[in-house]
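Trainee: Could you walk me through this structure and show me how each label is earned? I would like to see the reasoning as well as the result.

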Amino acid sequence: MSGTVCGFVVRFRRRVALVAGVVAVALPAAAVAAAVPVAAVPAAVQGVGSVAVAVPPCGGGQLVPGGVVRVGADGVRVTVVNEGPGSCVLRGYPTVALAGQGSPGNARALTVTGQGPARPVVLPVGGAAQTRIGFAPVLGEADGYCASGAEPFVAPSMVVGVAGARLQLGPDDGGNFAVCGTAVRATAFRPAP
(Lines give C-alpha, C1' and ligand atoms only; values in the text may rest on other atoms or scores of the structure.)
Protein backbone atom coordinates (compact mmCIF):
# COMPACT_ATOMS: atom_id res chain seq x y z
CA MET A 1 0.00 0.00 0.00
CA SER A 2 2.81 2.37 0.72
CA GLY A 3 4.07 1.97 -2.86
CA THR A 4 0.73 3.00 -4.25
CA VAL A 5 0.56 6.03 -2.01
CA CYS A 6 4.06 7.11 -3.03
CA GLY A 7 3.23 6.69 -6.72
CA PHE A 8 0.14 8.81 -6.24
CA VAL A 9 2.12 11.54 -4.46
CA VAL A 10 4.76 11.64 -7.22
CA ARG A 11 2.13 11.95 -9.99
CA PHE A 12 0.27 14.58 -7.95
CA ARG A 13 3.47 16.63 -7.50
CA ARG A 14 4.21 16.47 -11.25
CA ARG A 15 0.71 17.76 -12.09
CA VAL A 16 1.00 20.56 -9.53
CA ALA A 17 4.38 21.56 -10.96
CA LEU A 18 3.02 21.52 -14.52
CA VAL A 19 -0.03 23.62 -13.62
CA ALA A 20 2.12 26.04 -11.61
CA GLY A 21 4.45 26.48 -14.60
CA VAL A 22 1.55 27.25 -16.97
CA VAL A 23 0.07 29.74 -14.51
CA ALA A 24 3.48 31.39 -13.96
CA VAL A 25 3.90 31.95 -17.71
CA ALA A 26 0.33 33.13 -18.39
CA LEU A 27 -0.14 35.27 -15.29
CA PRO A 28 2.42 38.03 -15.98
CA ALA A 29 1.02 38.77 -19.45
CA ALA A 30 -2.57 38.86 -18.17
CA ALA A 31 -1.60 40.93 -15.11
CA VAL A 32 0.23 43.49 -17.21
CA ALA A 33 -2.67 43.76 -19.68
CA ALA A 34 -5.16 44.22 -16.84
CA ALA A 35 -2.98 46.60 -14.83
CA VAL A 36 -2.12 49.04 -17.66
CA PRO A 37 -5.08 49.96 -19.85
CA VAL A 38 -4.15 51.29 -23.29
CA ALA A 39 -5.78 54.65 -22.52
CA ALA A 40 -3.33 55.15 -19.63
CA VAL A 41 -0.27 54.74 -21.86
CA PRO A 42 0.90 58.08 -23.31
CA ALA A 43 0.15 58.46 -27.01
CA ALA A 44 3.85 58.79 -27.79
CA VAL A 45 4.55 55.23 -26.58
CA GLN A 46 1.43 53.33 -27.65
CA GLY A 47 2.02 50.84 -30.40
CA VAL A 48 1.68 47.25 -31.50
CA GLY A 49 3.68 44.77 -29.47
CA SER A 50 6.89 46.37 -28.29
CA VAL A 51 7.11 48.91 -31.14
CA ALA A 52 6.45 52.51 -29.98
CA VAL A 53 4.59 54.89 -32.26
CA ALA A 54 5.81 58.50 -32.13
CA VAL A 55 3.36 61.37 -32.55
CA PRO A 56 4.69 63.72 -35.27
CA PRO A 57 5.03 67.48 -34.77
CA CYS A 58 2.06 69.58 -35.88
CA GLY A 59 2.28 70.88 -39.41
CA GLY A 60 0.93 74.22 -40.50
CA GLY A 61 -1.66 72.61 -42.76
CA GLN A 62 -3.38 70.82 -39.89
CA LEU A 63 -3.82 73.76 -37.49
CA VAL A 64 -6.69 76.21 -37.93
CA PRO A 65 -7.77 79.29 -35.94
CA GLY A 66 -10.05 78.56 -33.02
CA GLY A 67 -10.64 82.15 -31.93
CA VAL A 68 -9.23 85.18 -30.15
CA VAL A 69 -10.74 86.34 -26.87
CA ARG A 70 -9.72 89.51 -25.03
CA VAL A 71 -8.25 88.95 -21.56
CA GLY A 72 -8.41 92.30 -19.82
CA ALA A 73 -7.14 95.49 -21.41
CA ASP A 74 -3.65 94.18 -22.11
CA GLY A 75 -4.00 90.71 -23.60
CA VAL A 76 -5.75 88.15 -25.75
CA ARG A 77 -6.09 84.36 -25.60
CA VAL A 78 -5.51 82.70 -28.97
CA THR A 79 -6.80 79.18 -29.65
CA VAL A 80 -5.65 76.87 -32.45
CA VAL A 81 -7.32 73.56 -33.36
CA ASN A 82 -5.87 70.41 -34.92
CA GLU A 83 -7.98 69.75 -38.02
CA GLY A 84 -6.20 66.47 -38.79
CA PRO A 85 -5.52 64.08 -40.42
CA GLY A 86 -3.98 62.66 -37.21
CA SER A 87 -2.67 63.54 -33.76
CA CYS A 88 0.31 65.88 -33.56
CA VAL A 89 2.60 67.50 -31.01
CA LEU A 90 2.72 71.30 -30.61
CA ARG A 91 5.48 72.95 -28.64
CA GLY A 92 6.76 76.45 -28.14
CA TYR A 93 5.62 80.03 -28.53
CA PRO A 94 3.85 81.78 -31.39
CA THR A 95 5.24 84.54 -33.56
CA VAL A 96 2.97 87.58 -33.68
CA ALA A 97 2.31 90.42 -36.12
CA LEU A 98 -0.52 92.90 -36.47
CA ALA A 99 -1.99 93.08 -39.96
CA GLY A 100 -2.68 96.67 -40.95
CA GLN A 101 -5.54 97.09 -43.40
CA GLY A 102 -6.51 93.49 -42.63
CA SER A 103 -3.80 92.08 -44.90
CA PRO A 104 -0.83 89.91 -43.89
CA GLY A 105 1.23 91.85 -46.45
CA ASN A 106 0.78 95.02 -44.38
CA ALA A 107 1.72 93.30 -41.14
CA ARG A 108 3.80 94.87 -38.40
CA ALA A 109 6.02 92.18 -36.89
CA LEU A 110 6.22 92.20 -33.11
CA THR A 111 9.03 90.89 -30.93
CA VAL A 112 7.79 88.02 -28.77
CA THR A 113 9.17 87.34 -25.30
CA GLY A 114 8.26 83.80 -24.23
CA GLN A 115 6.83 83.27 -20.75
CA GLY A 116 7.00 79.96 -18.91
CA PRO A 117 8.46 76.64 -20.03
CA ALA A 118 7.52 75.22 -23.42
CA ARG A 119 6.21 71.67 -22.88
CA PRO A 120 4.93 69.41 -25.65
CA VAL A 121 1.16 69.40 -26.12
CA VAL A 122 -0.31 66.31 -27.84
CA LEU A 123 -3.33 67.39 -29.90
CA PRO A 124 -5.70 64.67 -31.12
CA VAL A 125 -7.82 65.50 -34.15
CA GLY A 126 -10.22 68.21 -32.93
CA GLY A 127 -7.97 69.01 -29.95
CA ALA A 128 -7.14 72.63 -29.15
CA ALA A 129 -4.21 74.53 -27.64
CA GLN A 130 -4.04 78.10 -26.35
CA THR A 131 -1.51 80.84 -25.78
CA ARG A 132 -1.97 84.15 -23.99
CA ILE A 133 -0.46 87.17 -25.71
CA GLY A 134 0.07 90.26 -23.56
CA PHE A 135 1.01 93.75 -24.74
CA ALA A 136 1.38 97.35 -23.59
CA PRO A 137 -2.18 98.69 -23.90
CA VAL A 138 -3.32 101.86 -25.58
CA LEU A 139 -4.63 104.23 -22.90
CA GLY A 140 -7.54 106.63 -23.11
CA GLU A 141 -10.62 106.50 -25.31
CA ALA A 142 -11.03 106.60 -29.13
CA ASP A 143 -7.90 108.70 -29.77
CA GLY A 144 -5.80 106.69 -27.35
CA TYR A 145 -2.19 107.27 -26.46
CA CYS A 146 0.79 105.26 -25.27
CA ALA A 147 2.31 105.90 -21.84
CA SER A 148 5.73 105.75 -23.52
CA GLY A 149 4.83 108.53 -25.93
CA ALA A 150 4.97 106.17 -28.95
CA GLU A 151 2.24 106.26 -31.57
CA PRO A 152 -0.38 103.49 -31.03
CA PHE A 153 -0.69 100.88 -33.77
CA VAL A 154 -4.24 99.73 -34.51
CA ALA A 155 -5.09 96.81 -36.77
CA PRO A 156 -8.21 94.74 -37.46
CA SER A 157 -6.38 91.41 -37.36
CA MET A 158 -3.45 89.58 -35.86
CA VAL A 159 -1.22 87.11 -37.67
CA VAL A 160 -0.09 84.30 -35.38
CA GLY A 161 2.73 82.06 -36.56
CA VAL A 162 2.44 78.50 -35.30
CA ALA A 163 3.94 75.24 -36.63
CA GLY A 164 5.02 76.86 -39.88
CA ALA A 165 1.60 78.40 -40.61
CA ARG A 166 0.53 82.02 -40.39
CA LEU A 167 -3.03 82.24 -39.13
CA GLN A 168 -4.84 85.56 -39.55
CA LEU A 169 -7.28 86.15 -36.70
CA GLY A 170 -9.68 88.89 -35.70
CA PRO A 171 -10.91 89.44 -32.15
CA ASP A 172 -14.17 87.66 -31.31
CA ASP A 173 -15.78 90.95 -30.27
CA GLY A 174 -15.34 92.45 -33.76
CA GLY A 175 -13.06 95.29 -32.58
CA ASN A 176 -9.46 96.11 -33.45
CA PHE A 177 -6.15 95.26 -31.87
CA ALA A 178 -4.39 98.31 -30.46
CA VAL A 179 -0.89 98.10 -29.04
CA CYS A 180 1.86 100.42 -27.92
CA GLY A 181 5.37 99.55 -29.01
CA THR A 182 6.66 96.56 -30.95
CA ALA A 183 6.99 93.92 -28.22
CA VAL A 184 4.53 91.39 -26.78
CA ARG A 185 4.70 88.59 -24.22
CA ALA A 186 3.38 85.13 -25.04
CA THR A 187 2.91 82.01 -22.97
CA ALA A 188 3.90 78.67 -24.43
CA PHE A 189 1.04 76.72 -25.97
CA ARG A 190 -1.00 74.72 -23.43
CA PRO A 191 -3.96 72.34 -23.88
CA ALA A 192 -7.23 74.28 -24.06
CA PRO A 193 -9.58 73.60 -21.13
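Mentor: Gladly! Let's begin with a cut-off: a residue counts as buried when its relative accessible area is under 20%. Keep in mind too that this is a predicted model.

Trainee: Then why is Cys-180 called buried?

Mentor: Set the value against the cut-off. Cys-180 has 7% relative accessibility, and buried means under 20%, so Cys-180 counts as buried.

Trainee: What makes Cys-180 and Cys-146 a disulfide?

Mentor: The test is a pair of cysteine sulfur atoms within 2.5 Å. For Cys-146 and Cys-180 the distance from S to S is 2.0 Å, so the pair meets the definition. In general, a disulfide is a covalent bond between the sulfur atoms of two cysteines.

Trainee: Which hand does the disulfide of Cys-146 and Cys-180 have, and how do you know?

Mentor: Look at the torsion about the S-S bond, which is about -95 degrees; the disulfide is therefore left-handed. As for what it connects, Cys-146 sits in the loop between β7 (128-137) and β8 (153-155), while Cys-180 belongs to strand β11 (residues 177-187), so the bond ties together parts 34 residues apart in sequence. Cys-146 is buried as well, with a relative accessible area of 5%.

Trainee: How many disulfides does a search of the whole structure find?

Mentor: The search finds 2 disulfides. Besides the pair we have discussed, Cys-58 and Cys-88 form one, with sulfur atoms 2.1 Å apart. That distance is again judged against the limit of 2.5 Å. About the S-S bond of Cys-58 and Cys-88 the angle is 80 degrees, and this link is right-handed.

Trainee: What does the link of Cys-58 and Cys-88 tie together?

Mentor: Cys-58 is in the loop between α1 (2-35) and β1 (63-70), and Cys-88 is in strand β3 (residues 88-90), so parts 30 residues apart in sequence are tied together. Try the burial test on these two: Cys-58 has 9% relative accessibility and counts as buried, and Cys-88, at 0%, counts as buried too. If you number the bonded cysteines in sequence order, the pairing reads 1-2, 3-4.

Trainee: What makes strand β9 largely enclosed?

Mentor: Count its residues: 6 of the 6 in β9 (residues 157-162) are buried, so the rest of the structure largely encloses this strand. In a regular strand, side chains alternate between the two faces of the sheet. Here Ser-157, Val-159 and Gly-161 are buried on one side, and Met-158, Val-160 and Val-162 are buried on the other.

Trainee: Which strands are joined to β9, and how do you know that they pair?

Mentor: Pairing requires at least two bridges between two strands. Strand β4 (residues 95-99) is joined to β9 by 5 bridges, and 5 bridges also join β9 to β10 (residues 165-169). Both counts satisfy the requirement, so these strands pair. β4 and β9 run antiparallel, as do β9 and β10. Val-160 is a good residue to find: Val-96 stands opposite it in β4, and Leu-167 is its bridge partner in β10. Between β9 and β10 there are 2 residues, forming a hairpin, and Ala-163 in the turn has a positive phi of about 55 degrees.

Trainee: And what does the secondary structure of the protein come to?

Mentor: There are 1 helix and 12 strands. Of the 193 residues in the protein, 27% are buried.

Key: Residues are numbered from 1 along each chain as its sequence is written. This is a predicted model: local features need pLDDT of at least 70, side-chain atom pairs count only at pLDDT 80 or more; totals for chains, interfaces and linings use all residues. Side-chain values use heavy atoms; hydrogens and water are left out. Helices (H or I, at least four residues) and strands (E, at least two) are DSSP runs, numbered from the N terminus. Buried means under 20% relative accessible area, exposed over 50%, partly exposed in between (1.4 Å probe, protein chains only).
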